[in-house]
Amino acid sequence: MSKDLKLCLEDIVRATPSLMHVLAVARELDLPDWLIFSGAVYQPVLNHLTGRPADYGIRDYDLGYFDPADTSYEAEDVVIRRVAAAFDAPFKEMVEVRNQARVHLWFEDKFAEPYAPLTSSGEALTRFTSTAFSVGVRLEPNDALTILAPFGLEDLFSLYLRANPTRQTNGFLRTAQSATRRWPELTVVTPG
């Protein structure tokens, strides 16, 4: 991952008050192996690059954590309620929590695609539909930002939507169409 692009991403994240608020509250919850990822991270970058307000298009904040000790829905629901209690509106309704250690238990039923068990929250990023979407951040106790981007940040900062090269999914074109309706500046690199 380019050091310059990583610094640019960090600057954009730190300049997005709503995202920083979510990160700060999530840090205090001290969930195991947690990350904020998906649109909550890549959309502020797209907005910065295209001159839109920082929160344009953001409908939720995906908070993933990894706890293989108990993969029951009941255990995850306890965490969901704990996270909701930590936030005031509108974030209480916008922060969506998922234990990445149990995604494989429901993913295939919901999306009709196989999904092998994960070994960490960061590994989830390797399964996202697009390389540009595969980015996650965590605010550390010392205020440093941990940034994970298994495919790098070049596609995101180049406004390229490219299908995940390591996981075939039926959702890429649908996801790309949705994204280009909000950010027509994006270039879709079609698979195949």
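This briefing walks through the overall build, the largest pocket and a few backbone details of the structure above. Please keep in mind that the model is predicted. The protein chain holds nine helices and seven strands, and its largest pocket encloses about 1200 Å³ of space. Three spots in the backbone also deserve a look: the peptide bond between Ala89 and Pro90, which is cis, and the positive phi values of Asp143 and Leu159.

**Overall build**

- The radius of gyration of the protein chain is 16 Å, which agrees with the value near 16 Å for a compact globule of 192 residues.
- Measuring along the principal axes, the C-alpha trace spans about 40 × 35 × 30 Å.
- Of the 192 residues in the protein chain, 49% are buried.
- Among contacts with a separation of 6 or more, 69% are between residues 24 or more positions apart.
- The protein chain has an accessible surface of about 9400 Å², and carbon and sulfur atoms account for 52% of that area.

**The largest pocket**

- If you are setting your view on this pocket, its volume is about 1200 Å³, and 35 residues line it.
- Nearest its centre lie Ser38, Asp62, Phe107, Phe111 and Phe128.
- Two or more lining residues come from each of these elements: the helices α3 (39-50), α6 (103-111) and α9 (172-182), and the strands β2 (61-65) and β3 (95-99).
- Sorted by class, the lining of the largest pocket consists of 13 nonpolar, 11 polar and 11 charged residues.

**The cis peptide bond**

- Which two residues does a cis peptide bond join? They are Ala89 and Pro90, with omega at about 5°.
- Pro90 sits in the loop that runs between α4 (73-86) and α5 (91-94).

**Positive phi outside glycine**

- Asp143 is a residue other than glycine with a positive phi, near 75°.
- The loop between β4 (136-139) and β5 (145-148) is where Asp143 is found.
- Asp143 counts as partly exposed because its relative accessibility is 39%, and the partly exposed class lies between the 20% and 50% limits.
- Leu159, also not a glycine, has a positive phi near 60°.
- Leu159 belongs to the loop between α8 (154-157) and β6 (160-162).
- Is Leu159 buried or exposed? With a relative accessibility of 16%, Leu159 counts as buried, since that class takes in values under 20%.

Technical notes: Residues numbered from 1 in each chain as written. Predicted model: local features only at pLDDT ≥ 70, side-chain atom pairs only at ≥ 80, totals over all residues. Heavy atoms only, no water. 1 Å grid on protein atoms, 1.4 Å probe; cavity = no way out; pocket = protein on both sides within 12 Å on 5 of 7 lines; lining within 4 Å. Points joined across faces, edges and corners; volume = space filled by probe spheres on them. Helix = DSSP H or I, 4+ residues; strand = E, 2+ residues; numbered from the N terminus. Nonpolar A, V, L, I, M, F, W, Y, C, P; charged D, E, K, R; others polar. Rg over C-alpha atoms; globule rule 2.2 N^0.38 Å. Buried < 20%, exposed > 50% of the residue type's maximum accessible area, 1.4 Å probe, protein only. Contact = heavy atoms within 4.5 Å. Areas by Shrake-Rupley, 256 points an atom, 1.4 Å probe, with all protein chains shown as cover.
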